[in-house]
Amino acid sequence: LVPPALRPAAKAVYHRLFRIQLHIRFWLADRLRTSQSGLPVPPAILRYRVSELIPVEPFLRIGEGCAILMRQLAYEMGIDLTKAGRVLDFGCGCGRTIRWFLPDAADPEYSGVEFHGVDVDAQAIAWCKEHLHGGHFSANPLLPPLSYPPEFFDVIYCFSVFTHLDEAMQDLWLAELGRILKPGGLLLMTVHAESAVEILDEAQKSELQLRGFAHARSQKLSGLVPDWYQTTWHSREYIVSRLAAKFGDIRYFEIPGSHQAVVGAILLPLRRQSCQL
Ligand SMILES: C[S@@+](CC[C@H](N)C(=O)[O-])C[C@H]1O[C@@H](n2cnc3c(N)ncnc32)[C@H](O)[C@@H]1O
């Protein structure tokens with residue numbers, strides 16, 4: 001109904017109203033906050049940044065589901081997470097997934113594993129440090145390197161992180177994760193699944209078809225997330241070939257009922273890497 005010339009202004013007004021109602025809902029949720037589980041719960045704005053959800057119980061249940069899924073997929077890739085020496089949750093946010101591996105919530109089976117979580121969101125990391133015991137948390141800069149030495153981790157997983165980076169940042173971070181992973185170590189990362197492509201406009205769909213990569217920008221969450229943090233889609237062929245420079249045994253797991261797929265890959269020894277990343 002809005003004339004084309006007025007659409008950008010109408011969109012800007014809509015986005016502003018959307019953000020105002022969100023802040024009201026955050027304020028209310030933090031005052032009424034109750035978690036039946038008795039577990040520590042991050043403030044609504046931190047929950048929203050990682051899940052675009054405000055209610056507590058789905059935030060907890062989805063995180064627990066992600067932790068179970070990571071363990072299952074690691075197992076399918078030949079790695080028993082309970083026997084890994086060091087595991088990194090890259091882009092851990094306010095700990096939605098990693099919390100389920102830490103002593104307060106996890107099975108004692110994980111007691112021999114050292115779990116690390118990093119994120120650019122310093123507020124989320126401050127919350128994790130204060131409330132999630134037994135993990136090692138640190139805030140990282142926007143671009144690599146991380147402070148870890150080479151070949152430090154046995155497993156690195158990233159849930160819904162590369163679904164937000166542009167291509168230049170993606171390539172820098174894939175190279176950095178390859179640096180700190182041990183040869184033979186496992187990378188598990190999510191990408192948008194084919195079922196998530198529907199929301200793209202025609203131009204973005206054809207870019208995805210042509211290049212295998214699309215990065216859509218929106219001002220909807222402006223001020224709630226940094227400006228560089230947008231939404232990214234990868235085709236299956238694109239992400240597999242991007243990883244193939246350094247990784248072998250690359251597998252693409254479709255997750256029933258989810259708009260994300262998980263890609264698993266094993267870091268090749270240096271002499272077998274082609275150094276394209
Ligand atoms: C959708 S959230 C998911 C958070 C968490 N993985 C989870 O599943 O709950 C994406 C997270 O990636 C983080 N992130 C994005 N780019 C990053 C980067 N370059 N380094 C570290 N964290 C990053 C964001 O700050 C955000 O917390």
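Reader: Against which elements do the buried residues of α3 pack?

Author: In this predicted model, the buried residues of α3 pack against helix α2 and against the strands β4 (153-158), β5 (181-192), β8 (247-254) and β9 (260-267).

Reader: Which residues of α3 are buried?

Author: A residue counts as buried when its relative accessible area is under 20%. In α3 the buried set consists of Val 56, Phe 59, Leu 60, Gly 63, Cys 66, Ala 67, Leu 69, Met 70, Leu 73 and Ala 74.

Reader: How should one read the span of helix α3 against the span expected at 1.5 Å a residue?

Author: The expected span of a helix is 1.5 Å times one less than its number of residues. Helix α3, residues 56-76, has 21 residues, for which 30 Å is expected; from first C-alpha to last it reaches 31 Å, close to that value. After α3 comes Gly 78, with a positive phi near 95°.

Reader: What does the corresponding reading give for helix α1?

Author: Helix α1 covers residues 7-32, and its 26 residues should span 38 Å at 1.5 Å a residue; the C-alpha atoms at its ends lie 37 Å apart, so the two values agree.

Reader: Which residues of α1 are buried, and what covers them?

Author: The buried residues are His 15, Phe 18, Arg 19, Leu 22, Phe 26 and Ala 29. Their cover includes α2 (44-51), a helix against which the buried residues of α3 also pack.

Reader: Why does His 15 count as buried or exposed?

Author: The cut-off for a buried residue is under 20% relative accessible area. His 15 has 9%, and therefore it is buried. Leaving aside residues up to four places away in sequence, His 15 touches Ser 218, Gln 219 and Lys 220.

Reader: How many helices and strands does the chain have, and what share of its residues is buried?

Author: The chain has seven helices and nine strands. Of its 277 residues, 48% are buried.

Reader: What does the radius of gyration say about the chain?

Author: The value is read against that of a compact globule with 277 residues, which would be near 19 Å; the chain has 19 Å, so the two agree. Along the principal axes, the C-alpha trace spans about 60 × 50 × 35 Å.

Reader: What share of the contacts joins residues at least 24 apart?

Author: Among contacts between residues at least 6 apart in sequence, the share is 69%.

Reader: What supplies the area that the chain exposes, and how are its charges placed?

Author: The chain exposes about 13800 Å², of which carbon and sulfur atoms supply 57%. There are 28 positive and 29 negative side chains, and the centres of these two sets are 4 Å apart.

Technical notes
Residues numbered from 1 in each chain as written. Predicted model: local features only at pLDDT ≥ 70, side-chain atom pairs only at ≥ 80, totals over all residues. Heavy atoms only, no water. Helix = DSSP H or I, 4+ residues; strand = E, 2+ residues; numbered from the N terminus. Rg over C-alpha atoms; globule rule 2.2 N^0.38 Å. Buried < 20%, exposed > 50% of the residue type's maximum accessible area, 1.4 Å probe, protein only. Contact = heavy atoms within 4.5 Å. Areas by Shrake-Rupley, 256 points an atom, 1.4 Å probe, with all protein chains shown as cover. Lys, Arg positive; Asp, Glu negative; His and termini not counted. Charge placed at Lys NZ, Arg CZ, Asp CG, Glu CD.
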